Amino acid sequence: VQLQACGGGLVQPGGSLRLSCVASGSIFRVIAMGWYRQAPGKRRELVATITSSGNTNYADSMKGRFTISGDNAKNTVYLQINSLKPEDAAVYYCNGDLELRPGVTLNSWGQGTLVTVSS
């Protein structure tokens with residue numbers, strides 16, 4: 001089982017990015033997926049999560065410019081980030097609560113994708 005995140009890069013302040021994360025391998029179903037971020041010298045923090053039924057949860061500080069969405073058929077979660085600010089620069093990690101077979105679950109992390117915000 002592997003979570004592969006992509007979509008990071010260098011963006012100017014005010015720009016937008018769309019991150020993607022695909023869960024692959026022997027997965028019975030995805031229970032929930034989410035995005036976290038970690039800036040240099042700071043702790044990893046929650047950005048947002050989404051369940052397979054579409055229920056979303058955002059950290060209070062992330063409401064407004066961040067939008068999480070998912071595609072169950074593709075075991076994929078997306079994070080749209082608008083009006084990027086320098087303080088959004090971080091490694092963005094995806095996380096998945098996965099059911100490998102009925103009754104057997106796994107929490108897994110992707111490798112992270114780097115977002116740099118600079119003019």
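# A walk from Ala23 outwards

Select Ala23 to begin: you'll find it in strand S3. (Strands are DSSP runs of E with at least two residues, helices are runs of H or I with at least four, and both are numbered from the N terminus.) Before moving on, know that this is a predicted model, where local features need pLDDT of at least 70 and side-chain atom pairs count only at pLDDT 80 or more, while totals for chains, interfaces and linings use all residues. Residues are numbered from 1 along each chain as its sequence is written, and side-chain values use heavy atoms, with hydrogens and water left out.

Is Ala23 buried or exposed? It counts as buried, at 5% relative accessibility. (Buried means under 20% relative accessible area, exposed means over 50%, and partly exposed is in between, using a 1.4 Å probe and protein chains only.) Show what Ala23 touches, leaving out residues up to four places away in sequence: Gln2, Leu3, Met33, Asn75 and Leu98. (Contact means heavy atoms within 4.5 Å.)

**Next stop: Asn75**

Pick Asn75 from that list of contacts. Its place is in the loop between S7 and S8, and it is partly exposed at 21% relative accessible area. Check its backbone: phi is positive, about 50°, although Asn75 is not a glycine. Most residues other than glycine have a negative phi. Now jump to Ser83, in the loop between S8 and S9, for another positive phi of about 50° in a residue that is not a glycine.

**The cysteines**

Go back to strand S3 and select Cys21, then add Cys94 in strand S9. They form a disulfide, with sulfur atoms 2.0 Å apart. (A disulfide is a pair of cysteine sulfur atoms within 2.5 Å.) The pair ties together parts that are 73 residues apart in sequence. Why is this disulfide called right-handed? Because the torsion about its S-S bond is about 45°. Cys21 is buried at 0% relative accessibility, and Cys94 is buried at 0% too.

Now try Cys6, which is in no disulfide: the nearest cysteine sulfur, that of Cys21, is 8.3 Å away. Cys6 counts as partly exposed, at 41%.

**Into the core**

Keep Cys21 selected and add Trp35, Val47, Phe66, Ile68, Leu79 and Tyr92: of the 30 residues in the largest nonpolar core, these touch the most other members. (A nonpolar core is a set of buried Ala, Val, Leu, Ile, Met, Phe, Trp, Tyr and Cys residues joined through side-chain atoms within 4.5 Å.) Strands that each supply at least two residues of this core include S1 (2-6), S3 (17-24) and S9 (90-101).

Zoom in on Tyr92. Leaving aside neighbours within four places in sequence, its contacts include Trp35, Phe66, Leu79 and Thr113. Follow that last one: Thr113 is found in strand S11 and is buried, at 9% relative accessible area. A polar atom of the Thr113 side chain lies 3.0 Å from the backbone nitrogen of Gly8.

**Last stop: the largest pocket**

Select Val30, Thr51, Ser52, Asp71 and Asn72, which lie nearest the centre of the largest pocket among its 15 lining residues. (A pocket is an open set of points on a 1 Å grid over the protein atoms alone, where a 1.4 Å probe fits and there is protein on both sides within 12 Å along at least five of seven lines; lining residues have an atom within 4 Å of a point.) Which strand gives the most to the lining? S4 does, with five residues.

Notes
A polar contact is a pair of N or O atoms within 3.5 Å; within protein, one must be able to donate a hydrogen and the other to accept it, and residues adjacent in sequence count only if both atoms are side-chain atoms.
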